[in-house]
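Colleague: Could you take me through one part of this model closely, and then show me how that part sits in the whole? I would enjoy a connected account rather than a list.

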Amino acid sequence: MVSHLACAFHLDEYLGLMKEMLMHLTTEGAGLDSSQLDAIETGLVAIGATQDSVEVIVTDNLVTKVREITGDPDYVAVRGSGVVGAKTIPTANDSVIVLNAPEFRRREAEDLERILAHEGGHVLLNRRGETVTGRRHLAGGSEWQWILLCVGALALDEYRIERALAELGYAPPESCDLDHFEPTMFMVNGEILNACVDPRSDDPQFFMQQVIRTQDWLSKYLAYAAPFYPDGPPQAQASDLARATWNDYVGDHWYERTKLYSALPSAREPMPNPQFDTALRQGLDLEIALLKLLGFEFTTEPNSYSFWRRGSDAQWTRREARFRKAVDGNAA
Ligand SMILES: [Zn+2]
């Protein structure tokens, strides 16, 4: 009996040491329990991110921590109709994964595992340099092309990571399920209309930023859904209003996008530089097309660029009518 106990003690010690090697954990605030930490580690191991030790920070204040590490005072943790659970930040020395502890404490272990497998995918892409960093030259001469190339590149990352998760047998992300389709479509339409009527949009820079912010999360939403749903996020039982918004803003663009995406390797497989550069350029074209569907266009002038609202009056009137109907429906 005594020798068994001694054995168990050594095993625990050994497992503790293993954990230290797989991830370097810092906790700020109330932290997580051991089963939650196990789930985190399982996710990182599943995606293959623990070849080198991964830096993980568990914090009760994600926004402050991310702002501190990135130096970006404008970082916010809301994306479309959801809240960010975790954020992976590339640094000079590998990547740091920051976890939103209050969000994590109320979630099931399987959710945590999935989130960390996803964030571990970002660590892999960062380690191999398969990101937009240092590829400004691919965008052409105008600032707006670089903005949209970045939007496209970030969506591409999300696709490759979620594709890896699909291959590993993880369930589709909940942000793309039927329950989220309705609020997501409401949000797209609402944000786009709001950008057009906001008095601050008299400043074209503000107007453009509002629209691109919406496009950024919409494009990621499409990328998340693509590996799991060949025909788009499930919507057969959604309301006519939500489906009309999908057809208006996305529609057949879905198939253009998934055609490019499905030719890419998952985040677990390295992507040769020429193939990656080509994908980024095609990603830029996709974002130009999506922006047009949203109702906007950039044009290039000799030393500047302009941002325009496009689309017919009838189309914008239909968008407003759908927005009003959806608001009335919710209030009823
Ligand atoms: Zn991601």
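**A close look at Asp94 and its surroundings**

Modeller: Happy to! Asp94 counts as partly exposed, because its relative accessibility is 26%, and the cut-offs for that class run from 20% to 50%. Please keep in mind that this is a predicted model. Asp94 sits in the loop that links strand E5 (86–90) to strand E6 (95–100). Its backbone deserves a glance too: phi is positive, at about 60°, although Asp94 is not a glycine.

From that loop we can follow strand E6 to Asn100, which belongs to this strand. Asn100 is buried, since its relative accessible area is 10%, under the 20% cut-off. Not counting residues up to four places away in sequence, Asn100 touches Thr59, Leu62, Val83, Val84 and Gly85. For a sense of distance across the model, take Asn100 and Thr317: they are 217 residues apart in sequence, and their C-alpha atoms are 40 Å apart in space.

Helix H3 (residues 62–70) comes next, and Ile69 lies in it. What does Ile69 contact, leaving aside its neighbours within four places in sequence? The partners are Ile57, Ile89, Thr91, Val96 and Val98. Along the chain, Ile69 and Ile89 are 20 residues apart, and 7.9 Å separates their C-alpha atoms. Even with these contacts, Ile69 is partly exposed, at a relative accessible area of 29%.

A step back along the chain brings us to Thr50, in the loop between helix H2 (34–47) and strand E2 (54–59). Is Thr50 buried or exposed? Thr50 is buried, because its relative accessible area is 15% and the cut-off is 20%. Once neighbours within four places in sequence are set aside, Thr50 is in contact with Leu22, Leu44 and Val45.

Now for the nonpolar interior. The largest nonpolar core has 55 residues, and Tyr261 and Phe296 have the most contacts inside it. At least two residues of this core come from each of helix H6 (143–167), helix H7 (178–197), helix H8 (204–225), helix H9 (240–249), helix H10 (253–262), helix H11 (273–294) and strand E7 (296–301). Apart from this core lies another, of 28 residues, including Ala39, Ile40, Leu112 and Ala164.

Phe296 gives a good view of its surroundings. Leaving aside neighbours within four places in sequence, Phe296 is in contact with Ile192, Cys196, Phe207, Val211, Leu291, Phe307, Trp308, Arg309, Arg310 and Trp316.

Val250 is another residue to look at, placed in the loop between H9 and H10. This valine is buried, because its relative accessibility is 2%, against the cut-off of 20%. Val250 touches Leu222, Thr245 and Leu293, with residues up to four places away in sequence not counted. Val250 and Ser219 are 31 residues apart in sequence, while their C-alpha atoms are 9.8 Å apart in space.

How do these pieces fit into the whole? The secondary structure of the protein comes to 12 helices and 8 strands. With a radius of gyration of 22 Å, close to the 20 Å that the globule rule gives for 332 residues, the protein is as compact as a globular protein of that length. Taken along the principal axes, the box filled by the C-alpha atoms is roughly 80 × 50 × 35 Å.

Of the 332 residues, 47% count as buried. The accessible surface comes to about 16,500 Å², and carbon and sulfur atoms account for 54% of that area. Among contacts between residues at least 6 apart in sequence, 73% join residues at least 24 apart. As for charge, the protein has 31 positive and 49 negative charges, and the mean positions of the two sets are 6 Å apart.

To return to your close-up, then: Asp94 is partly exposed at 26%, in the loop between strand E5 and strand E6, whereas Asn100, in strand E6, is buried at 10%.

Methods
Residues numbered from 1 in each chain as written. Predicted model: local features only at pLDDT ≥ 70, side-chain atom pairs only at ≥ 80, totals over all residues. Heavy atoms only, no water. Helix = DSSP H or I, 4+ residues; strand = E, 2+ residues; numbered from the N terminus. Rg over C-alpha atoms; globule rule 2.2 N^0.38 Å. Buried < 20%, exposed > 50% of the residue type's maximum accessible area, 1.4 Å probe, protein only. Contact = heavy atoms within 4.5 Å. Areas by Shrake-Rupley, 256 points an atom, 1.4 Å probe, with all protein chains shown as cover. Lys, Arg positive; Asp, Glu negative; His and termini not counted. Charge placed at Lys NZ, Arg CZ, Asp CG, Glu CD. Core = buried A, V, L, I, M, F, W, Y, C linked by side-chain atoms within 4.5 Å.
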